[in-house]
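Q: Please take a close look at one part of this model. Keep it brisk, and state the cut-offs as you go.

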Amino acid sequence: MKQSDFLKAVLPFKDKVFRLAKRLLVSTEEAEDATQELYLKLWRNKEKLSDYKNVEAFAMTMTKNYCFDRLKSKQASNLTLVHSNYKEKGTALEKKVENNDSVNQVHRLIEKLPEQQKIIIQLRDIEQYEFDEICKMVDMKPTAVRVALSRARKTIRQELIKKHNYGVS
């Protein structure tokens, strides 16, 4: 496989790999390292890529596994949460603060979810993958993926309602 063929095969999903790594590892630097490590592994095994039906799903699975390994290692003990994805122009300062707080609250709630639910909500609601692709990536049946996604959404919804209704009787 030539370099140009390799790039055509793997570059379209580079951002998705990074976002999944960032969701799992939280740190931008760690996510960049994970993305780079994944692409290095893909490059080393470029001749075997044609054996896979869906290279993107394979890469996402590799990313997930690499991130779990990093989280288990002792080096991951000092990861911090930094969020800078949400930006909007022309909004009053109070509204910006409120929106930013809501986005951060949702991210904190996602981080508290069990790992399986966290990955599924990331892949479905943020990365917009189809259910059959998610099933292959997480090696689960469609019904189990739908149930996990539903439970994750319900947990987040209940926590947000609890927060927003605090002190209102």
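A: Helix α2 crosses helix α6 with right-handed geometry (the near helix is turned clockwise from the far one by less than a right angle). Helices here are DSSP runs of H or I with at least four residues, numbered from the N terminus. The model is predicted, so local features need pLDDT of at least 70 and side-chain atom pairs pLDDT 80 or more, while totals for chains, interfaces and linings use all residues. Residues are numbered from 1 along each chain, and side-chain values use heavy atoms, without hydrogens or water.

The α2 and α6 axes come within 11 Å and cross at roughly 145 degrees. Axes are lines fitted to C-alpha atoms over the stretch in contact, and angles run from 0 to 180 degrees between N-to-C directions. From α2, the residues R19, L20, R23 and L24 take part. They meet E115, K118, I119, Q122, L123 and I126 of α6 (contact means heavy atoms within 4.5 Å). By class, this contact holds 5 nonpolar, 1 polar and 4 charged residues. Asp, Glu, Lys and Arg count as charged; Ala, Val, Leu, Ile, Met, Phe, Trp, Tyr, Cys and Pro as nonpolar; the others, Gly among them, as polar.

Helix α6 also carries Q116. Q116 counts as partly exposed because its relative accessibility is 45% (partly exposed lies between buried, under 20%, and exposed, over 50%, with a 1.4 Å probe and protein chains only). Its C-alpha atom is 7.6 Å from that of A148, although the two residues are 32 apart along the chain.

L123 of α6 leads on to the interior. L123 is listed with V10, L42 and V145 as having the most contacts inside the largest nonpolar core, a set of 41 residues. Such a core joins buried Ala, Val, Leu, Ile, Met, Phe, Trp, Tyr and Cys residues through side-chain atoms within 4.5 Å. Elements giving two or more residues to this core include α2 (14–25) and α6 (115–126). Helix α4 supplies the largest share, 7 residues. L42 touches F6, V10, L49, F58, A59 and M62, leaving aside residues up to four places away in sequence.

For reference, take another pair. Helices α5 (residues 93–112) and α8 (residues 142–164) pack at about 135 degrees, with axes 10 Å apart. That angle makes α5 oblique to α8 (not under 35, over 145, or 65 to 115 degrees). This crossing of α5 and α8 is right-handed. The contact of α5 with α8 divides into 5 nonpolar, 3 polar and 3 charged residues.
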